[in-house]
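Please look over the structure below with attention to how its helices pack, what surrounds its ligand and where its backbone departs from the usual.

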Amino acid sequence: MRIDIITVLPEMLDGFVNMSILARAQKKGLVEIHVHNLRDYTTDKHRRVDDYPFGGFAGMVMQCQPIDACISALKAERDYDEVIFTTPDGQQFDQPMANALSMKENIIILCGHYKGIDYRIREHLITKEVSIGDFVLTGGELAAAVMADAVVRLVPGVLSDEQSALSDSFQDNLLAAPVYTRPADYKGWRVPDVLLSGHERKIKEWELAQSMERTRRLRPDLLDK
Ligand code: ADE
């Protein structure tokens, strides 16, 4: 899988892309992540990528030309399954969307900034608009990082224990059961006896009951899905 991220703040993503799960996935040759500086694509001699909005509104708007040039250059090299724009008014990012994106071959993520981008880009070049939650960030870089992390860890082979992505919270609309490690007794805080019993069926039943109880208590909305 290949992810191309377009941003005016590449420094913000460099560290993240070259560390964390994304670095491991790239080293294994399973994923390629490329960060593109939008300013490299402007024809403006001062490397500006934004301008004042028509209509006298407040804020600055990212211009069509550099975005179009960058996306066109990428599309000339390969086909893309999705051209995603990160924006608070997009479709809410969730685990099913992460699952679907993890099966794509090539995706572009365009990070929004300033007041927004010229709407014509959204109409003509963007295939999917995505929000990571009902709050407003200063830019789309953190949203792109969140999405890339959630998607890349689902690519087969990225996680060392393949099962572990399947037992994630949300994967079956249930929150995950609690987990414990040694020692079995820490300052009198005891691990549930069933987990020490070695009784596989009972442990599975306990895990499901815990998932159900935590979901009902903490996220009852998930049980309606
Ligand atoms: N850009 C600014 N806020 C955002 C959000 N909540 N999700 C995605 N992109 C954003």
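Helix α4 (residues 95-102) and helix α6 cross at roughly 70°, and their axes come within 8 Å, which makes α4 roughly perpendicular to α6 (angles of 65 to 115 degrees count as such, those under 35 as roughly parallel, those over 145 as roughly antiparallel and the rest as oblique). This is a predicted model, in which local features need pLDDT of at least 70 and side-chain atom pairs count only at pLDDT 80 or more, while totals for chains, interfaces and linings use all residues. Residues are numbered from 1 along each chain as its sequence is written, and side-chain values use heavy atoms, with hydrogens and water left out.

**Helix packing**

- The crossing of α4 and α6 is right-handed, a term used if the near helix is turned clockwise from the far one by less than a right angle, left-handed being the anticlockwise case.
- Helix α2 (residues 20-27) packs with helix α6 (residues 141-152) at an angle of about 50°, their axes lying 9 Å apart, and α2 is therefore oblique to α6.
- The crossing of α2 and α6 is left-handed.
- Axes here are lines fitted to C-alpha atoms, for helices over the stretch in contact, with angles running from 0 to 180 degrees between N-to-C directions; helices (H or I, at least four residues) and strands (E, at least two) are DSSP runs numbered from the N terminus.

**Ligand surroundings**

- The shell around the ligand (residues with a heavy atom within 4 Å of it) consists of T86, T87, P88, V130, S131, I132, G133, F135, V136, L137, G139 and A143.
- Strands β5 (82-92) and β8 (128-131) each supply at least two residues of this shell, and β5 gives the most, with three residues.
- By class the shell divides into seven nonpolar, five polar and no charged residues, where Ala, Val, Leu, Ile, Met, Phe, Trp, Tyr, Cys and Pro count as nonpolar, Asp, Glu, Lys and Arg as charged, and the others, Gly among them, as polar.
- A backbone N or O atom lies 2.8 Å from a nitrogen atom of the ligand in the case of F135, 3.0 Å in that of I132 and 3.1 Å in that of G133.
- Taken alone the ligand exposes 270 Å², of which the protein buries 96%, with accessible areas from the Shrake-Rupley method and a 1.4 Å probe.

**Backbone geometry**

- Most residues other than glycine have a negative phi, and most peptide bonds are trans.
- S20, in helix α2, has a positive phi near 60°.
- The peptide bond from R182 to P183 is cis, with omega near 5°, and P183 is placed in the loop between α7 (163-166) and β9 (185-186).

Methods
A polar contact is a pair of N or O atoms within 3.5 Å; within protein, one must be able to donate a hydrogen and the other to accept it, and residues adjacent in sequence count only if both atoms are side-chain atoms.
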